[in-house]
Amino acid sequence: LEMYQLEPILTVSETAAFLKLSKSKVYLMIQRNQIPHLKMGKSVRIRECDLMAWIEEQIVPNDEHLHS
């Protein structure tokens, strides 16, 4: 349980600032289940570890070798 208390949890505003996206864009992504999130009552939070893992998954592979 202690681990969860120490783990950084971000608000939508913090997530938007971190990703350099608008809050409305982040809310839309949450609505569409495109970004991992937690629901705490009416509040939405994003765990930093989930966000970092999600960012890694967004990397587009370099497909140059397929076009040569």
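These legends describe close-up views of a predicted model. Local features need pLDDT of at least 70 and side-chain atom pairs pLDDT 80 or more, while totals for chains, interfaces and linings use all residues. Residues are numbered from 1 along each chain as its sequence is written, and side-chain values use heavy atoms, without hydrogens and water.

**View 1. Strand β3 has two unlike faces.** Strands here are DSSP runs (E, at least two residues) and helices are runs of H or I (at least four residues), numbered from the N terminus. β3 covers residues 43-47. Val44 and Ile46 point to one face and are buried (under 20% relative accessible area, 1.4 Å probe, protein chains only). Ser43, Arg45 and Arg47 point to the other face and are not buried. In a regular strand, side chains alternate between the two faces of the sheet.

**View 2. β3 pairs with β1 and with β2.** Pairing requires at least two DSSP bridges between two strands. β1 (residues 9-10) runs antiparallel to β3, over two bridges. Here Ile9 stands opposite Arg47. β2 (residues 38-40) is also antiparallel to β3, over three bridges. Met40 faces Ser43 in that pair. β2 and β3 form a hairpin with two residues between them. Gly41, in the turn, has a positive phi of about 65°.

**View 3. Twelve residues form the largest nonpolar core.** Such a core is a set of buried Ala, Val, Leu, Ile, Met, Phe, Trp, Tyr and Cys residues joined through side-chain atoms within 4.5 Å. Its members include Leu10, Met29, Ile35, Leu51 and Trp54. Two or more residues come from each of α2 (12-19), α3 (23-31), β3 and α4 (48-57). Leaving aside residues up to four places away in sequence, Leu51 touches Leu10, Thr15, Phe18, Leu19, Ile35 and Ile46 (heavy atoms within 4.5 Å).

**View 4. Helices α2 and α3 pack at about 110°.** Their axes, lines fitted to C-alpha atoms over the stretch in contact, lie 9 Å apart. The angle is taken between N-to-C directions, on a scale from 0 to 180 degrees. α2 is therefore roughly perpendicular to α3 (65 to 115 degrees). Val12, Ser13, Thr15 and Ala16 of α2 meet Lys23, Val26, Tyr27 and Ile30 of α3.

**View 5. Lys20 and Asn33 have positive phi without being glycine.** Lys20 lies in the loop between α2 and α3. Its phi is near 60°. At 74% relative accessibility, Lys20 counts as exposed (over 50%). Asn33 sits in the loop between α3 and β2, with phi of about 55°. Asn33 is also exposed, at 62%.

How values were computed: Angles under 35 degrees count as roughly parallel, over 145 as roughly antiparallel, 65 to 115 as roughly perpendicular and the rest as oblique.
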